[in-house]
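Please follow the chain with the structure open beside this text, since the paragraphs below move from one part of the fold to another.

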Amino acid sequence: MKKTLLGATLGALALSLAIAPHAAKADEIGACLITKTDINPFFVKMKEGAIAASVAQGIDLSTFAGKVDGDHETQVQAIESCIASGAKGILITASDTKAIVQAVKKARDAGLIVIALDTPLEPIDAADATFATDNFKAGELIGKWAAAKLGDKAADAKIALLDLTPSAPSVDVLRDQGFLKGFGIDIKDPNKIGDEEDDRIVGHDVTNGNEEGGRKAMENLLQQDSGINVVYTINEPAAAGAYEALKAFDIQEGVLIVSVDGGCPGVLNVRDGVIGATSQQYPLDMAYKGIEAIKAWAESGAKPTNTAGLNFYDTGVNLVTGAPVDGVPSIDVEEGMNRCWG
């Protein structure tokens with residue numbers, strides 16, 4: 001898609017491009033954005049950021065998305081297409097953070113810079129750089145908030161964990177384990193979901209990061225224990241589904257739902273009491289910085305530097321809640337709405 005067309009269609013960003021990238025002209029810098037899906041609002045906003053940055057930086061951008069969260073094969077095909085097009089770089093949110101590494105290596109060997117957005121690859125240095133939320137910290141913030149909100153009752157909590165997919169990509173593990181640590185639970189191996197031995201955990205289920213998956217996972221866990229009073233969710237669409245399941249049984253009152261994303265719809269759900277607290281990310285900033293990095297690579301061979309003390313570039317996280325607690329820094333709903341996914 002030409003840069004002029006990108007500018008003209010900026011208002012239709014929710015549509016996914018289903019065409020292969022064209023070969024960039026000699027005077028153009030080609031780039032690709034590969035997201036997990038084109039439905040989740042988080043990735044729609046990421047796409048907005050990439051398109052806006054490509055227009056500003058004079059980059060010729062092609063975009064791709066998996067059919068559903070977990071669609072690894074479509075992402076591999078997208079990488080192949082980007083290599084063939086002569087693109088200088090790829091921005092990717094990987095559905096399978098281990099299995100994608102071979103395809104990423106092929107792209108890097110072909111001279112492309114590959115930057116992971118939001119979801120670190122495994123190992124993280126399989127990509128040239130990572131622009132992401134500190135996902136462990138995001139989980140830890142909502143875990144600390146939930147424990148503080150319950151107070152003494154946290155010792156007898158019944159916790160449901162609504163994760164992402166069976167492949168457990170890095171972002172899935174980091175948020176889940178961060179939440180449990182924040183809540184005060186021994187996480188055993190921080191790189192593994194489900195090995196905890198704390199009796200407060202009713203169980204884990206997967207949601208595919210969408211509302212329907214969240215509803216089904218919540219129903220499954222309620223069959224194990226109808227007394228669940230704390231629900232961790234991988235993202236806000238899953239949280240909305242969990243709430244609908246609780247509401248169907250008329251047990252939504254008294255159940256704390258916490259999540260990660262901080263999108264505008266999610267912040268509104270915080271305002272309306274559907275979600276107690278959410279950790280806000282900044283995907284538009286991730287994508288914008290990623291496009292800038294591809295341009296720098298194409299022009300000078302420079303690679304991005306990491307945030308001091310970390311092995312990735314931290315794009316920031318803030319807890320959003322209408323019910324702040326002592327000892328857990330947060331922003332209110334109004335500020336969350338002003339900043340949602342900027």
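In what sense do β1 and β2 pair, and over how many bridges? The model shown here is predicted, and in it β1 and β2 pair in the parallel sense, with seven bridges between them. One position to look for is L33, which stands opposite T63 in β2. The connection between the two strands can be followed as well, for β1, helix α2 (residues 41-57) and β2 together make a right-handed β-α-β unit.

On its other pairing, β1 (residues 29-35) is joined by four bridges to strand β3 (residues 89-92), and these two strands run parallel. Within that pairing, A31 stands opposite G89 in β3, while C32 stands opposite I90 in β3. These pairings belong to an open sheet of six strands, whose order is β2-β1-β3-β4-β5-β11 and whose pairing is parallel. The edges of this sheet are formed by β2 (59-65) and β11 (313-314), each of which pairs on one side only.

How much of β1 is covered, and how many of its residues are buried? The strand is mostly covered, with seven of its seven residues buried. In a regular strand the side chains alternate between the two faces of the sheet, so it is useful to consider each face in turn. On one side of β1 the residues are I29, A31, L33 and T35, on the other they are G30, C32 and I34, and all of them are buried, so that both faces are covered. Helix α3 (residues 72-85) lies across β1, β2 and β3, and it runs at about 180° to β1.

The loop that follows offers a contrast, for I39, found between β1 and α2, has a relative accessibility of 64% and therefore counts as exposed, the cut-off for that term being over 50%. The C-alpha atoms of I39 and G309 are separated by 34 Å, the two residues being 270 apart along the chain.

A further sheet can now be traced. Six strands form this open sheet in the order β7-β6-β8-β9-β10-β12, and here the pairing is mixed. Its edge strands are β7 (201-206) and β12 (318-321), each pairing on one side only, and neighbouring strands of the sheet are turned by 15° against each other on average, with direction ignored. At one end of the order, strand β10 (residues 277-280) is joined to β12 by four bridges, and the two run antiparallel; in β12, the bridge partner of Q280 is N318. Helix α6 packs on this sheet, where it touches β6 (159-163), β7, β8 (230-233) and β9, and its direction makes about 160° with that of β6. Helix α8 (residues 236-248) also packs on the sheet, touching β6, β8, β9 and β10, with a direction that makes about 160° with that of β9.

Some details of the backbone deserve attention. The loop between β4 (113-117) and β5 (129-132) contains P123, which is joined to E122 by a cis peptide bond with omega of about 5°. D118 is found in the loop between β4 and β5 as well, and this residue has a positive phi of about 70° although it is not a glycine. Is D118 buried or exposed? Its relative accessible area is 2%, under the 20% cut-off, so D118 counts as buried. Another residue other than glycine with a positive phi is D261, where the value is near 155°. D261 has its place in strand β9 (residues 256-261) and is buried, with a relative accessible area of 3%.

Rolling a probe the size of a water molecule over the atoms shows where empty space is left. The count comes to three cavities of 30 Å³ or more, and about 110 Å³ of space lies in the largest cavity. Of the 14 residues that line the largest cavity, the closest to its centre are K36, F43, D118, R175 and N235, so the list includes D118, the loop residue with the positive phi. Both α2 and α6 supply at least two residues each to this lining.

The largest pocket has a volume of about 310 Å³. Its lining has 17 residues, and those closest to its centre are P120, I124, S170, L174 and N311. The elements that give two or more residues to this lining are α5 (135-150) and α6 (170-183), and α6 gives the most, with three residues.

Definitions and conventions. Residues are numbered from 1 along each chain as its sequence is written. This is a predicted model: local features need pLDDT of at least 70, side-chain atom pairs count only at pLDDT 80 or more; totals for chains, interfaces and linings use all residues. Side-chain values use heavy atoms; hydrogens and water are left out. Two strands pair if DSSP finds at least two bridges between them. Contact means heavy atoms within 4.5 Å. Axes are lines fitted to C-alpha atoms, for helices over the stretch in contact, and angles run from 0 to 180 degrees between N-to-C directions. Buried means under 20% relative accessible area, exposed over 50%, partly exposed in between (1.4 Å probe, protein chains only). A crossover is right-handed if, with the strands pointing away from the viewer, the path from the first strand over the helix to the second runs clockwise. On a 1 Å grid over the protein atoms alone, a cavity is a set of points where a 1.4 Å probe fits but cannot get out, and a pocket is an open set with protein on both sides within 12 Å along at least five of seven lines; lining residues have an atom within 4 Å of a point. Grid points are joined across faces, edges and corners, and a volume is the space filled by probe spheres set on the points.
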